[in-house]
Amino acid sequence: MSSEPTPRVLATPAAEATIDLLRDENGPLMFHQSGGCCDGSSPMCFAKGEFRIGGNDVWLGQIHGCDFFMSTSQFEYWKHTQLTIDVTKGRGASFSLEIPLGVRFLIRSRLFTEEESRHMAPVHQGEEYLERPAQA
């Protein structure tokens, strides 16, 4: 059994390759998953700091070196699932950075096992996350 906490969010190799392309073009990145309708419920990629994080957001972890946040209301719905960020062909209708590439990020999910649930990675409220000391 690994002593590492169970990650709450992962990325597929295809998503990581897209992140690499976007990072080369835009610098450091971040993700936010809102609770909106339509494309508002898709994970959105922004240049780091371009989306304002606040007390109504939860930090779930990092994918491929990018912080991943979700609205608190959405987290309440998804907190029992591991999220895997993937990419698919097709143009979304959001402000996410991948849209001009003709692809869009999407979420695949699965319920955590009981064992995984006992070893969950911590989450941080948005304001708490922003106030924490920088990671080395």
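What percentage of the 136 residues of the protein count as buried? The figure is 40%. Keep in mind that you're looking at a predicted model.

**Get your bearings.** Switch to cartoon view. You should find four helices and eight strands, and from the N terminus on they run β-α-β-β-β-β-α-β-β-α-β-α. Now for the contacts: among those with a separation of 6 or more, 63% are between residues 24 or more positions apart.

**Stop one: strand S4.** Select residues 57–63, which make up S4. Six of its seven residues are buried, so the rest of the structure largely encloses this strand. Next, add residues 66–71, strand S5. S4 and S5 pair in the antiparallel sense over six bridges, and together they form a hairpin with two residues between them. Click on His 64 in that turn: its phi is positive, about 50°.

Now bring in S8, residues 124–125, which pairs with S4 in the antiparallel sense over two bridges. Zoom in on Val 58. Its bridge partner in S5 is Met 70, and in S8 its bridge partner is Gln 125.

**Stop two: the nonpolar cores.** Show side chains for Phe 31, Leu 60, Ile 63, Phe 68, Ile 85 and Phe 105. Of the 22 residues in the largest nonpolar core, these touch the most other members. Elements that each supply at least two residues of this core include helix H1 (13–26), strand S2 (29–33), helix H2 (72–78) and strand S7 (103–111). In soluble globular proteins, nonpolar side chains tend to be buried together.

Pick Phe 31 and look around. Leaving out residues up to four places away in sequence, Phe 31 touches Ile 19, Pro 43, Met 44, Cys 45, Ile 63, Cys 66, Asp 67, Phe 68, Phe 69 and Phe 105. There's also a second, separate core of seven residues; Met 44, Phe 46, Trp 59 and Tyr 129 are among them.

**Stop three: Arg 8.** Go to the segment before strand S1 (9–11), where Arg 8 sits. What is the nearest side chain of opposite charge to Arg 8? Select Glu 76, which is 9.3 Å away; Arg 8 is buried yet has no salt bridge. Try the backbone oxygen of Ala 121 instead: a polar atom of the Arg 8 side chain lies 2.8 Å from that oxygen.

To finish, display what surrounds Arg 8. Beyond its neighbours within four places in sequence, its contacts include Leu 60, Phe 75, Lys 79, Gln 82, Phe 112, Met 120 and Pro 122. Leu 60 takes you back to the largest nonpolar core.

How values were computed: Residues numbered from 1 in each chain as written. Predicted model: local features only at pLDDT ≥ 70, side-chain atom pairs only at ≥ 80, totals over all residues. Heavy atoms only, no water. Buried < 20%, exposed > 50% of the residue type's maximum accessible area, 1.4 Å probe, protein only. Lys, Arg positive; Asp, Glu negative; His and termini not counted. Salt bridge = Lys/Arg side-chain N within 4 Å of Asp/Glu carboxyl O. Polar contact = N/O pair within 3.5 Å; in protein donor to acceptor, adjacent residues only side chain to side chain. Contact = heavy atoms within 4.5 Å. Core = buried A, V, L, I, M, F, W, Y, C linked by side-chain atoms within 4.5 Å. Pairing = 2+ DSSP bridges.
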